[in-house]
Amino acid sequence: MTKIQKLLVANRGEIALRIMRSAREMGIPTVAIYSEADRQSPHVRYADEAVCVGPAPSSESYLRIDAILEACQKTGANAIHPGYGFLSENAGFARAVRNAGLIFVGPSPESIEIMGSKLAAKAAVAAYNIPMVPGTPDAITDREAAKQTAARIGYPILIKASAGGGGKGMRIVEREADFDEGMERAVSEATSAFGDGSVFIEKYVTSPRHVEIQVLGDQHGHIIHLFERECSIQRRHQKVVEEAPSSVLTPEIRAEMGRCAVEVARACGYYGAGTVEFIVDDQLNFYFLEMNTRLQVEHPVTEQITGIDLVKQMIYIAEGKPLVIRQEDLKIHGHAIEIRVYAEDPANNFLPDVGTLETYVRPQGNGIRVDDGFEQGMAIPIYYDPMIAKLVTTGATRAEAIEKMIRAIDEYQITGVQTTLPFCRFVMKHEAFRSGQFDTHFVNHYFTPDKLIPPTDSEEGRQEARLEARLAAVLAAWLFQNSQPKPESNSTVTQAQRSKWREKRFR
């Protein structure tokens, strides 16, 4: 076992802060990295030390392996947590960290490589009696043979990028006449997004639900699951609302999905925190999709219903410690719902809406958790994902968690940019969601911009809210300006007066 002495978080924003908070509770000093666009971000101020790794574009900063390793050398950090996104599922990065003699808080490079390819993942789990969607076992090389496979399994089909994710490189083909066009588009998009044009075919499951299982494994072969998350409310194949547990799984199906998830992890010698994703049809048959070899955006809902801090467990595992949690110890406590608060305009096809957070006031109260990386007055950078925050509510029942979410959305004050808050409120109020009778087509089936309900329903109330927001922003700016110390002429700063924080901060 190797003790983590100092942890560098190779990420930004809310996930960097979330990791640092757990590390601080464990007595582990932290190092932030930041781009020039993030110099004043909360995660930079929160860390014990911070290092600039380059200009604003992620390709010149957060994706620079050499700069991140140099930051470790400069600060004495002996471990790196990648968070999610950026380099978190890059096997080359994990290998470079290991080769530098540092601890990678995540799985082995070999596990990342296997599960990074959907085809390799399917091959790895083939011997473990795990249900999979009918389709091609290998990348398509013969288009005519692929057409024959499609005809055999029956339309509609999915053409999917082997290295894909986030809905990129994926096309639904309803009939044979559209096969060639769908293939060309999928290959082109996969090549552009991932540098790999390999695609394969799967039977398209109608009325699908997206259900995933959280797993934890240590370096001694012990693997457990922490139940499921339902992630079926999506736009552009990307999640917006998640909850735990699912409202439709029976205890028997939950146990079987958990068993399969553990076997998937075992198939690639997995350790750390990971997520096994399944698709569930309208008869509650489930099929293995892929494994995400990292911490998931929606991990807070699992933490809320299990009481397990997943980041702390990742750190213990990375140090070589055995898991002390046993499967039989885990129980589901209550219900948790998470919404992703994006700087996007739901009335304009969820397009990003960058700008400045003129007003930013978080909801509070029992059962409310906000994971964010922004403050009032900050700009939403154009260079990164436009997620502002994750808002999580927890209740004794699903109905209670929904009502708390509606209250929290109504109390969340954000002006200066359009957000997904009104859309999420629409979801919480919709009967399909409240009854649990929904699937990944929720947006297409039920949502149009004219159905958005702002937190304040009347026009008079909306005007009053806008006026209050402007007044609050003006007052905040005045208070900030008048709270700054006035410069003194001919003043000197002694060594004792100089901030120790500034001495070690920006190296």
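This passage walks through a small part of a predicted model: a three-stranded sheet, the helices that pack on it, and one histidine, H441.

A good place to start is the sheet. Its 3 strands follow the order β7-β6-β8, the pairing is antiparallel, and the sheet is open. Strands β7 (170-173) and β8 (199-203) form the edges; each has a single partner strand, so one side of each has no neighbour in the sheet. From one strand to the next, the twist averages 20 degrees.

The pairing of β6 with β8 can be followed in more detail. Strand β6 covers residues 157-161 and runs antiparallel to β8, with 5 bridges joining the two. Within this pairing, K160 has F200 of β8 as its bridge partner.

Two helices meet these strands. Helix α6, residues 118-125, lies across β6 and β8, and its direction is at about 60 degrees to β8. Helix α7, residues 143-153, packs on the sheet and also touches β6 and β8, but here the angle with the direction of β8 is about 15 degrees.

Attention now turns to H441. This residue sits in the loop that links α14 (431-435) and α15 (442-446). H441 has a relative accessible area of 19%, and it counts as buried because buried means under 20%. Which residues is H441 in contact with, once its neighbours within four places in sequence are left aside? The contacts are Y204, S207 and P208.

Definitions and conventions:
Residues are numbered from 1 along each chain as its sequence is written. This is a predicted model: local features need pLDDT of at least 70, side-chain atom pairs count only at pLDDT 80 or more; totals for chains, interfaces and linings use all residues. Side-chain values use heavy atoms; hydrogens and water are left out. Helices (H or I, at least four residues) and strands (E, at least two) are DSSP runs, numbered from the N terminus. Buried means under 20% relative accessible area, exposed over 50%, partly exposed in between (1.4 Å probe, protein chains only). Contact means heavy atoms within 4.5 Å. Two strands pair if DSSP finds at least two bridges between them. Axes are lines fitted to C-alpha atoms, for helices over the stretch in contact, and angles run from 0 to 180 degrees between N-to-C directions.
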